[in-house]
Each structure stands twice: as C-alpha cells, then as structure tokens.
Number of protein chains: 2
Amino acid sequence: MELKEARVKYKKLQEKLAAFDHATSLINFDGVTTAPKGTASNRSQTLSVLSEEEYLLATGKETAELLEFLDSRRDELTEKEKRSVYLALKDIREMQKIPMDEYIEYQKLMVEADEVWHRAKETSDFELFRPVLERIVKFTLRFAGLCAPEKDPYDYCIDRYAEGLTTETCDRFFDALKSRIVPLLKRISERPQISDACICGDFDKKAQEDFAYELMKTIGLDLSHCGLAETEHPFTTSLGSHRDVRITTNYHRENVSYSMYSVIHEGGHALYDSGSDDDLAYTNLDGGAAMNIHESQSRLYENILGRSRGFITYIFPVMQKYFPSQMAGYTAEDVYRAVNMVTPSLIRTEADEVTYCLHVMIRYDLEKRLMHGELEVKDLPSEWNRLYKEYLGINVPSDREGVLQDSHWSGGLIGYFPSYALGSAYGAQFLRKMNEETDVEKCMYSGNFKPINEWNRNHIWKYGRMLKPEELLENALGEPFDPTVYTDYLEKKYTEIYNL
Amino acid sequence: MELKEARVKYKKLQEKLAAFDHATSLINFDGVTTAPKGTASNRSQTLSVLSEEEYLLATGKETAELLEFLDSRRDELTEKEKRSVYLALKDIREMQKIPMDEYIEYQKLMVEADEVWHRAKETSDFELFRPVLERIVKFTLRFAGLCAPEKDPYDYCIDRYAEGLTTETCDRFFDALKSRIVPLLKRISERPQISDACICGDFDKKAQEDFAYELMKTIGLDLSHCGLAETEHPFTTSLGSHRDVRITTNYHRENVSYSMYSVIHEGGHALYDSGSDDDLAYTNLDGGAAMNIHESQSRLYENILGRSRGFITYIFPVMQKYFPSQMAGYTAEDVYRAVNMVTPSLIRTEADEVTYCLHVMIRYDLEKRLMHGELEVKDLPSEWNRLYKEYLGINVPSDREGVLQDSHWSGGLIGYFPSYALGSAYGAQFLRKMNEETDVEKCMYSGNFKPINEWNRNHIWKYGRMLKPEELLENALGEPFDPTVYTDYLEKKYTEIYNL
C-alpha cells in the first residue's frame, strides 16, 4: 500500500464512521424528542444493525491493517493525522482485547439496563435494577482487566471520559475541595435563607421556549447550526459533525430557572462542540477533547458566567419582557440571589454551585469502592443514603430520589462523574486567565459573550480532540491546575451573598 | 452455499437495508422538520456516504450471487421469499445495467436539482431550472434505454411507481375521465358559486394541531406508532418498518381545510403503510404495493370519505369545539358545501375533486411528450400555460404557480403523476365494493372508520408488496377496474351539491 492511497482510505473510513454516528445519534435524538411512544423496539432493531456495521467498520481486519500501516509511517503524517490515527488505534487495540461475543452481550445488556433502570426509577425499586447493575459492574471490571491490566480498574474507568485523569489526581482534588466546601456550607447554613420566590410561580411554556432561544443567541450560539428541542433530561448531541448540534431542555412551569440554566449549561457544551476547526469535520478529532473539559465549558457558562451578578443584571430586563407578571415587583438583585440560593438537596442536576461537588464526591467514593471490590452493589442504597447524611446532612426518602436518580450507571458510564467536578474547577481557573485579557465582569453586565467565546475558541474549542486534555489545560492556563482558584471563587462569591 | 445459510444471509441483508432506509429517511425527515437552517450540507455529506454504502450493499457482487442462488432454488422458497427475491432481483438487474459512474452522477444531480428547483420556484425563474431538468430528462431516457430497451420509455417511467401500469392504460383512463369531467365542470361553472366563508378566517395554529391529532385518531391511526410534524409540504414517511410512520402537515391560518385535508390525505397513506402484516417488517415487502395503490388510499380517505356529508356531519361538532368563534353561525351543511367547492385553480395540491384529475392530465400529457421526444424542456412553460387555459380555462400568472409548482420533476419522479389520478378512481370502486359489506355512509355519520379500515386491511394493507398492484386490485375488487365508477361518483355527488 502507498501512503497516498492509505490516506485516501483513511479519510473515507473516517467519513463513514461520522455518517454512522450521525445516523445513530439522530435515531436516539428522535427517540427522546419526536418519535411516537410505541416505536422503541423498531428503533432498537435499526440501532442494533447499524451498531454492528459500525463496529465491524471501526475494528475490522482491513481497518486494523490500515491503521497499523499509517502508524508505521507516522513520521510522514501531519500532526492532525498522527493524533487521529493514535486515537483510532487506541480504540481498536482496546476493542481487540474484548472478545466479540462479550462485546455483543454487553451491548444487549445496555439496551436492557436502560429499560430496567427507567422502570426501577419509576417504581423506586432498586432491587429491580440490582442484578443488571451487578452485571454492568462485572463487565466493567472484566473490560478493565482485559484492556488495561496494568492499571487500577477505576483509573481505567475515569480515563475513558477524561484521558489521562487518575484516581490519585481526583483524590487530591476532592480532598482539597472538601476541606473548603464543607466549612463554607456550614457557615451558609447558619445564616438566614435567601428567598427564591421571584423565580417560582407559573411560567408559560411558550414564553419559556422563546426565552430559551434568546438565551442561546445571547451566549453566542449560531441558531442556523444549533437546534433546541424538549426532552425529559436535557442533553447535547452533535450530528455527523460540529456543524449540526442540538441541545435539549425541559420546561418546568413552576420554576423558570430550571430550563434557563439547562439551556445555558447545554449551550456551553454546544458552543464547545460547534467550535472545532472546520477541517476537523468528519474526523475523530471533531468535537470535545474529553468530558472534564466539556464540563468545564458547560459549567462555566451555566454557573460562573450565567449566575454572575453581571449577567443577571443584563438578562433581568429580558426576563421582564418574557415574564412581565411574574417579575413584577422584583429586582435583578432578587433574581441574582434566588439563582444562587444554597441549599443541600437530593438531586445532583438541580444542586447549587456550593453543594454540587459534594453530590459528585459521593458518587466518586461509591464508584471507586465498587471498582476496588470494597463495596457490593447490594449495599449501594444504604451507602448512598449514609453519605448524603454525612456530606449534605439530609435524609434520602426514596431510591428514586437517591441511588436511582442518575442514568449514568445504567448506561455503563462508571467513571464519568469526576469530570463534572473537575470541569467546574477548571472553569474558575479559565476565568482568572481570561480576566488577564478581558474584563469578564464588565462583559457580563452588557451580555457581551464575544471576548469570552473568542478566548475559549482560541484556547480550547478549535483544537477539537487534537490535544490531550492535560496538554489542552496546560496550554490554556499557562500554569498547573490549581483547585484553590475554584474554592476561592466559591468562598468569595458566597461570603458576599450570604453576608458571612 | 446451503439454502438454509442463504436464507439467513438474505434475512440479514434485508434487515441491513431496512436499517439504512430508517437512517436516511430520518435524516431527510429531520431536515424538513427540526434541523437548524444551516445544516443542509452536513446532512448531504452523511447522506452521500450512507447512500453509497446502501447501494453497494444492495447491488454488490455478494448480494447478486445470493439473489441468483435463491432464485435458482425458488421452488423451495415460501411465497413471501419468492416475491421478495423477485423484487430484489428486479432492482439489482436494473442497477447492473446502469454504469456506476452514471449512477453517482445522477445522485449528485438530484441533490443539485432540489436546491436549484427551490431557488427557481422562489424567484419564479424557469430558465434557472431548465438546464437541470434537461439533464434529468436526458438521464431518464438514458436509464430507460439501458434498463428496458424493449419498452416505451414513458412506460418504463410509469412502471417505476406503479408496477405493470402502461401508457396505454393511462390513455384510455384519461380519455374516459376527460369525456365526463370536462362537461361536468362546464355545467358546474354555469351555476352560482358556493361560499367557503365558514372555513376561511383566522384559525389558531395550536388549535389546528390539536384538531389534527383528533382527526388522526378518528380515522383510526394508532398515535403510538404514527407521529405528526409540521413541514412546508405535507408528506408521509416510514422509518425502518411499518411500526414507525410519520405524517406531516402545514397549518394555514387563513383556511382550516388545508391542514385538515392534508392530515386525512397523509393519514390515508399512513394507515396503508402501518397496515402491513407484522412478519413483513424489515423486508422489502413492507409498506405499500405501489404509488397508484397508495394514492387510492390517501385520496379515498381525503375525498370520498373525508369530504362526504356523513363525515362532515360527524366532524362538525368537533370543529365547533376547536374553533368555536369561527364556526359560530354556520352549520355542518355549510362546511360540507365549502369543502366541496369546485373551482378551477392553479395549484394541484389545493384542487378540488372535480378539477384534480385535469391537473394530473396536463402533467401526464407533458411528461409523455417529453419522453417521446415530442416536446423540449424549454417549451414546457408555454405548453403548461396553454394546457391550463385549455383544460381549466385559467391563465397562469407565473411559473412559480405554474410549471415550477411541483417538486416531482426536480426529484426525478417522471411518471409518478398518473398514480394520483388512477388512485382516485380505484378509491371509488373500492368504496362500491365495501358497500356490499358495510353501509359506509352510515359509518361516516358516526365517525366509525373501523369497518372501512378492516376492509382495507384485509384486502389491501396487510399484503404489503406481496402482490403486484394489478393482482391486488383484481383481488380486492373481484372485477376489472372500471373508471366510470369514479366518474359516476363525481357526477352524482356534484349534481346534488350544485343542483345541476
């Protein structure tokens, strides 16, 4: 094979995989947005056929040979090709270690698990979900042993979502966080509670939807390449390339902030996904570098920017326009305080900035012990409840609002959670860096996201998956990651709000 | 190869093709429903990759060998297998006659043509569209010559949409129709015009949407397997199998009947598509037998049933519920007369029952002459306008409302139009047959579609593509097709309405 021919073949392969990805992502998106209720089995029939095709394409003998050939000539490849081939080879070498029959069994388990988890959550019945989760944990340990026998199995899990991240780094990070957040939370809890009356009430769905589009435009999303839909759980997905991104939200009539911050959070993901350099489209370098970096963007826009006094001052008149009667008699300051109300609660996705990381720590602790064989699945609910009491001081009334609340484990995503907390902390340090060039606070007062988006584009988005997450982080920060920047940020903000 | 093994392979092949079809149909559906505006090129990138894969799969050497093998053992196949292999072989043998490079060029032309046609229609600029249409006509003639050199090229075109239908049959049919419809129309035009004031006004979109769902339920669609969306042009599509069907409509605020009859028309297609026997799912026998049979269903529900006095009597109180102020002061009889107002008009899709077939005849006449080399593309607009004057007595003010109105030619669908008219006529004869078992009129007065759907299911829907259209027709009718049943129906109905 000539190098030139191999390059053409590789380009074609990447385009095929992107096309399959477009198809399967859209089928899933359709399933949770517009598909009629009774069509799930029809969709899963198609998805199982397409996944098998995609799997054979990505891991087949011809592809393996092509990748090994390109790797053998890597000195002649461009930087982009090198990174692309490296990532593809990493995947294929890992897949080769997993026997085909086990892989298929696992895929089937995933379909079953999703369905069982939904039922278990609905009926708050952990026992229903337990056997399935036991199998998922067993599979995860088995795959860790096959793919990375030299690694701590939980390190293998974390690395799947945040290349290079380790338990050791997470431990240090969470210890640092805990030592500052727990006392901060205690001090807050001793102060009078803030009122969130101004964001509660009855908010018309259509008005919320119009407001959502306005928010998307405000944070700088290009609506001709980013769509909005309604789903039970908000999420972001790319279809085929960064040129077609969709975010979803859920409108809570009784609280306007739920959809507002879902839109800004998913909008942060969408900005990142859309921001890849154009020549990365239809390659495996398109999109985000890793989930910790992804969450750094979503949580930066949602919290650090979206819940800042400047942004609320800017957006309040817009809220008055869409929700005139609900906002009557309130000020921007009321909204600012309401959306920053700190209160230990049961549900992670609805948690405030201060308690959020505690929710993640609980999951991290449980996952780690599961992967280290120090905790059995059957003991998860009691351990979950014990930790919620210990970290957040609250009693968990049911597994539905407890151990069954997140879809991650049923989706096999063990090791994902740390990314949420790490991302939050990266965001604070990105902000400090941005402030060297731009007065971010001033931008927020005028709803001007341009300089912020420019900074993110030039330091993060445009690279897609070109850089390893650690490299990207170091490049963007120009200094090592320091979690105290985040805890300082939290302490300063909430000391002022709660008059500590 | 063993027969058993070949059967397994064939089943798998059919499932793969159904999965590809699901993916490409959904990508197209997404494109006209929810996709952001600027994402067309991203979609066409994915579609071109998937179409090529699908093409290779459907026509590759391995598939051809498999089909030839199965065909050589056809005596041992079930009836279903025989028909399925026959249809697949018919396609593949045709494809084999078209050189790969020409096929790809044609596919590219289709993408271009769609885009150019949209622009041309918007600016009412036929000259813009002309070169593209000339290439489409040339390709069509070329493919006809390659695939069916023994046939009249227009017969080849018609057969693509209505297996077995010929120019000869169409000629006879249209002559019969014309000799009855033209005088009928003349007599109607001499009578005082009906008022359609009751269906005109300002109809809230949300109310129209709710009404659309109620109509879907009324005609017997299962909403857990049939969805509704909004597009510029109403259509029906199946995703993967008959278990997931989507219809679309367009809400005209100023006239409630537009969406109402789009929903019932597309609903007729959807009932047919959904009605295939379950064991036809994921095979090439799933769905409708041919476009003429398909249109027989859509136009039966839309016109013969949906515009009957019985149905209007039943649905009028429902309309009063959704549109109380607009319906105030009107009666069911007013609505019945309004939705049956006959008036020569420019746009086929908005034409009434009497003039509809004249619109089709004009297109049929033009297509036939194009395919016979008796008409050049450049002369289409003037011929179009001349025929509208001759058949309908009206002047065409612009190509946008004239020769550029339909998307069929830009989509390469030369030969499709006759199916609309034939289908309308089949419907009338189906009705006569149904009436032998059920009092259809009585059913309509109570909005009871069950016996009608049962009849259609047992005589038409369940077979999918198992039977040739002619067989299906003969089976269902138990007598030869007779277009006078349709013209008698029209004459009787409109003599009464217009008091002729």
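Modeller: Two residues are in contact if their C-beta atoms, placed from the backbone, lie within 7 Å. This is a predicted model, in which local features need pLDDT of at least 70 and side-chain atom pairs pLDDT 80 or more, while totals for chains, interfaces and linings use all residues. Residues are numbered from 1 along each chain as its sequence is written, with chains lettered from A and ligands numbered from 1 in the order in which they are written.

Colleague: What makes helix 10 of chain B lie across strand 1, strand 2 and strand 3?

Modeller: Helix 10 (residues 256–274) lies across these three strands of chain B and runs at about 170 degrees to strand 3 of chain B. Angles run from 0 to 180 degrees between N-to-C directions, on axes fitted to C-alpha atoms, for helices over the stretch in contact. Helices (H or I, at least four residues) and strands (E, at least two) are DSSP runs numbered from the N terminus.

Colleague: Why are strand 1 and strand 2 of chain B called edge strands?

Modeller: Strands pair if DSSP finds at least two bridges between them. The open, mixed sheet of three strands in chain B has the order 1-3-2. Strand 1 and strand 2 (236–239) of chain B each pair on one side only. Strand 1 and strand 3 of chain B have five bridges in the parallel sense. E230(B) has T249(B), in strand 3 of chain B, as its bridge partner. Helix 1 of chain B also packs on the sheet, touching strand 1, strand 2 and strand 3 of chain B, at about 140 degrees to strand 2 of chain B.

Colleague: Why is the relation of the chains that of a two-fold axis?

Modeller: A turn of 180 degrees with a shift of 0.0 Å along the axis lays chain B on chain A with an RMSD of 0.0 Å, and that is the relation of a two-fold axis. The C-alpha of A23(B) is the nearest to the axis in chain B, at 2.7 Å. The superposition is by least squares on C-alpha atoms of residues with pLDDT of at least 70 in both copies.

Colleague: How do you know that the copies meet through the same surface?

Modeller: 100% of the interface residues of chain B are also interface residues in chain A, so the copies meet through the same surface. The contact takes 30 residues from chain B and 30 residues from chain A. Helix 1 of chain B gives the most to the side of chain B that touches chain A, with eight residues.
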